[in-house]
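Work through the exercises below with the model open. Try each task before reading its solution.

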Amino acid sequence: MQTPSSPAVASQWLVVTDLDGTLLDHAYDFSAAAPLLQRLEQQGVPVVPCTSKTAEEVEQFQAAAGLSSPYIVENGGAIHFPHPEEGWRLDIPHQPAPGGGVVAPLGWPSQRLRPLLDSLAAELDTQFFALADLSMEELMARTGLSPAGAALAARRRWSVPFVLAEDQGQYQAVAIEAVESLAAARGLKVLQGNRFAHLIAPGSDKGLALAALRRADPLGRAVLALGDSPNDTALLDGADQAVVVPGANGPHPRLQPAIEAGDYQLASAPHAVGWTDAVTTWLALG
Ligand SMILES: [Mg+2]
């Protein structure tokens with residue numbers, strides 16, 4: 001990984017990070033980054049989760065990590081500001097959030113998206129399995145979550161996560177790229193995450209949510225973004241510094257070309273260890 005050409009001042013940055021596969025490993029562990037997260041919170045450097053997780057899941061993470069920052073849920077479906085009194089400029093429509101503070105919706109409600117997923121499947125002559133249709137046992141098996149964690153993960157408001165048909169039986173197996181293309185041709189977005197693909201509204205991805213977060217930032221801070229999957233590219237592309245956090249087998253193959261082109265930096269190690277190293281380096285925390 002390169003090092004910054006000039007020393008950064010931590011207070012001039014927002015750290016915007018994907019969670020699953022980036023800060024969290026596949027057992028949802030971020031302990032190697034816990035001391036740095038505490039330090040950033042104390043120094044007033046916002047660490048903004050930008051994730052496919054639901055608001056309830058991120059609230060649980062924020063509590064465990066000791067963070068009070070805004071957070072972006074469901075692949076950019078909404079931004080939550082748990083402490084709007086901290087000077088965030090909320091000139092976009094927002095409403096009181098169930099978990100406290102306010103939420104600014106950016107996407108479409110899941111109820112509007114769900115029938116559109118079914119029509120994509122029909123057009124591709126295949127079947128998708130929406131997260132909401134999986135049994136609790138299946139959801140736990142696919143995510144490794146506890147029953148309580150899986151229940152929080154199922155509370156979708158702004159996206160429809162799904163898995164593709166996996167066998168060659170009565171339905172055609174299709175590549176994620178084909179689903180992405182058809183969705184784009186229909187004015188929708190499909191994003192590939194670690195465990196699920198996600199159908200979201202055309203006006204809502206992580207990059208558009210990042211742009212809304214920047215407009216709400218009264219200090220106009222620079223953005224250090226970290227991600228691991230193709231659903232992070234809009235976030236990474238909208239950042240001032242973009243870092244890809246590799247998995248145990250290296251970076252996601254679809255992110256490799258941008259790493260080789262020098263558009264994204266590659267963290268030195270997987271998950272929380274690489275995350276800590278990258279953030280420490282770019283914010284010149286020493
Ligand atoms: Mg991820």
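**Exercise 1: The sheet**

Find how strands β1 and β2 pair, then place them in their sheet.

Solution. This is a predicted model. Start with β1, residues 13-17: β1 runs parallel to β2, and 3 bridges join the two strands. Look across from Val 15 and you meet Val 47 in β2. Now widen the view. The order β2-β1-β11-β12-β13 makes up an open sheet of 5 strands, paired in parallel. At its edges lie β2 (47-49) and β13 (265-266), each pairing on one side only. Helix α10 packs on this sheet and touches β1, β11, β12 and β13. The directions of α10 and β11 make an angle of about 165°.

**Exercise 2: The cores**

Which residues have the most contacts inside the largest nonpolar core?

Solution. This core holds 55 residues, and the ones to pick are Val 15, Val 16, Val 48 and Trp 275. Helix α10 (residues 271-282) supplies the largest share, 5 residues. Next, take Val 15 and list its contacts beyond four places in sequence: among them are Leu 40, Val 48, Leu 224 and Val 279. Then look for a second, separate core: it has 22 residues, including Trp 108 and Val 190.

**Exercise 3: Two domains**

Locate the two domains and describe where they touch.

Solution. The domain assignment gives domain 1 as 10-107 + 204-282, and domain 2 as 110-200. Their C-alpha centres are 23 Å apart. The contact takes 20 residues from domain 1 and 16 from domain 2. On the domain 1 side, helix α2 (residues 55-65) gives the largest share, 3 residues. Finally, sort that side by type: 4 nonpolar, 11 polar and 5 charged.

Definitions and conventions:
Residues are numbered from 1 along each chain as its sequence is written. This is a predicted model: local features need pLDDT of at least 70, side-chain atom pairs count only at pLDDT 80 or more; totals for chains, interfaces and linings use all residues. A nonpolar core is a set of buried Ala, Val, Leu, Ile, Met, Phe, Trp, Tyr and Cys residues joined through C-beta atoms within 7 Å. A residue is buried if 20 or more other C-beta atoms lie within 10 Å of its own, exposed if 12 or fewer, and partly exposed in between; C-beta atoms are placed from the backbone. Helices (H or I, at least four residues) and strands (E, at least two) are DSSP runs, numbered from the N terminus. Two residues are in contact if their C-beta atoms, placed from the backbone, lie within 7 Å. Two strands pair if DSSP finds at least two bridges between them. Axes are lines fitted to C-alpha atoms, for helices over the stretch in contact, and angles run from 0 to 180 degrees between N-to-C directions. Domain bounds come from an automatic or database domain assignment. Ala, Val, Leu, Ile, Met, Phe, Trp, Tyr, Cys and Pro count as nonpolar, Asp, Glu, Lys and Arg as charged, and the others, Gly among them, as polar.
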